[in-house]
Amino acid sequence: MIDAAFDSQRKAFQQNPNPSARERRANIDVVCHILSEHTDKIAHAISNDFGHRSQTETRLMEIFPTLSNGQHARKYVARWMRTERVRTGTWFRPGRSYIVKQPLGVVGIVAPWNYPINLSIGPLIAALAAGNRAMVKLSEFTPRTSELLDRLFGERLNRDLVTFVQGGAAEAKAMCAKPFDHLLFTGSTAVGHSVMTAAAANLTPVTLELGGKSPVIIAPGYSIDHAARRVMLGKCLNAGQTCIAPDYVLLPRAEVAAFRDAAIKAVAQYYPRGMGSDDYTSIVNDHHFNRLRDWVLEAQAHGARIDRIGADKPDARKFAPVLVSDAPLNIRVMQEEVFGPILTLVAYDSLQGALRFIAERPRPLAMYYFDRSVKRTRSVLEQSIAGGVTVNDTMLHFAQDALPFGGVGTSGMGSYHGVHGFNTFTKMKGVYHQSRVNGAHLLNPPFGRTIERLLRLLTP
């Protein structure tokens, strides 16, 4: 099926290698209509795949930002497509230089289970805006959502334009081995290595959106209550199963206890019925539920302080938020991306010490900084490296259509969203157009005194 779908899309692209702005907008419109018209079905399928996820949370975290992304692309795609004039070197005038923006062809999108709509349809919109055809593979952990999207899109769009690939790890591996014109993968760093290796066999360019441990820094003097509320919201949405969720908090040593109290209070306000709340999401499967439980037990066994905010509901895979303090650095919760509602608190004695703590570790996909000092904020942004940053809140940089979203180092490479997604899936073809009247013949062999004089004149 994968081979046939790929060949079909490749042939279809050859027949229409540069769709007009009108065609691209029409395709984006269909995608947005599918999401709008079938929001309830999609939210229900995702909830069934997870065990439970609030339909409101799905609309907030997946449907709304994806539709916003689509509207943004639709509005600007004609502008993005325009041929771009660029400066021509003085000695090559009156020739002219410009950049022609062409679709790449057939692209592959491999999406994870945690946000199956946002992280599959978002890149798909970028690929369609750029005039490409796309094969999309969702995780085997969200089979109902994948099957639903396959049916809904198959009813409205030709499969030689958009194809959803069903199956598990074997199908994902087979798909990544195809000679796509670009491959975008969102998932873990470990799997990212395998994806890049498979793509390298075909010299397929890749965009890797991976993960890592996204830190929070709370500057001295910032409101602990406000920071705790925003951090815990970012941590509890989707039960922390978010690649840019806050992973650990660096805060002044004297404020650790106050943050702990404020965090517990915030979670109680967000989920007054505890883990029985319909607004709180289940852990996607037993494996990840047990992993989180084991990590907490390991931290406790190594002398860390554990504060559970509520009680687990194992029968519903509801894992209560946990604060971990005074943890040794060599345990898993301090070494690996948590991907769940466990938040570690790390005390610092100076802001520079906090920045060194981050710099000594792999570069994160996201960083969050809380401070009212503009000067100090600018300094921190200059000194730190992360895929993206939200200041005085969490995760909201992801929702900005004009900002590039992507990792750095082990948290990924490349970016998308808005024009940045369009550029990722577009060939920027440089063109020099020679003028009818020109002096190029002066550079022809056989070389002599004339070209020597020209070289002395031309050489900076």
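Strands β2 and β16 pair in the antiparallel sense over eight bridges, where two strands count as paired if DSSP finds at least two bridges between them. The model is a predicted one, in which local features need pLDDT of at least 70 and side-chain atom pairs count only at pLDDT 80 or more, while totals for chains, interfaces and linings use all residues. Residues are numbered from 1 along each chain as its sequence is written, and side-chain values use heavy atoms, with hydrogens and water left out.

**The sheet**

The pairing of β2 with β16 belongs to an open sheet of three strands, which follow the order β1-β2-β16 with antiparallel pairing. At the edges stand β1 (84-86) and β16, and because each has a single partner strand, one side of each is left without a neighbour in the sheet. From one strand to the next the twist averages 30°, taken between axes that are lines fitted to C-alpha atoms, for helices over the stretch in contact, with angles running from 0 to 180 degrees between N-to-C directions. Strands of a sheet pair through backbone hydrogen bonds, either parallel or antiparallel.

Between β1 and β2 (residues 96-103) the antiparallel pairing runs over three bridges. The table sets out some of the residues that face one another.

| Residue | Partner | Strand of the partner |
|---|---|---|
| Arg85 | Tyr98 | β2 |
| Val86 | Ser97 | β2 |
| Tyr98 | Val431 | β16 |

Tyr98 thus appears twice, as the bridge partner of Arg85 and opposite Val431 in β16.

**The surface by β16**

Strand β16 covers residues 426-433 and contains Tyr432. At 36% relative accessibility, Tyr432 counts as partly exposed, since buried means under 20% relative accessible area, exposed over 50%, and partly exposed in between (1.4 Å probe, protein chains only). Together with Trp91, Phe92 and Leu457, Tyr432 forms a nonpolar patch on the surface with about 470 Å² of accessible area.

**The whole protein**

The secondary structure comes to 16 helices and 16 strands, which are DSSP runs numbered from the N terminus (helices H or I, at least four residues; strands E, at least two). Of the 460 residues, 52% are buried. The C-alpha atoms fill a box of roughly 80 × 55 × 35 Å along the principal axes.

Terms used:
Patch = residues over 30% accessible without salt bridge, like charges linked within 9 Å, V, L, I, M, F, W, Y side chains within 5 Å. Areas by Shrake-Rupley, 256 points an atom, 1.4 Å probe, with all protein chains shown as cover. Salt bridge = Lys/Arg side-chain N within 4 Å of Asp/Glu carboxyl O.
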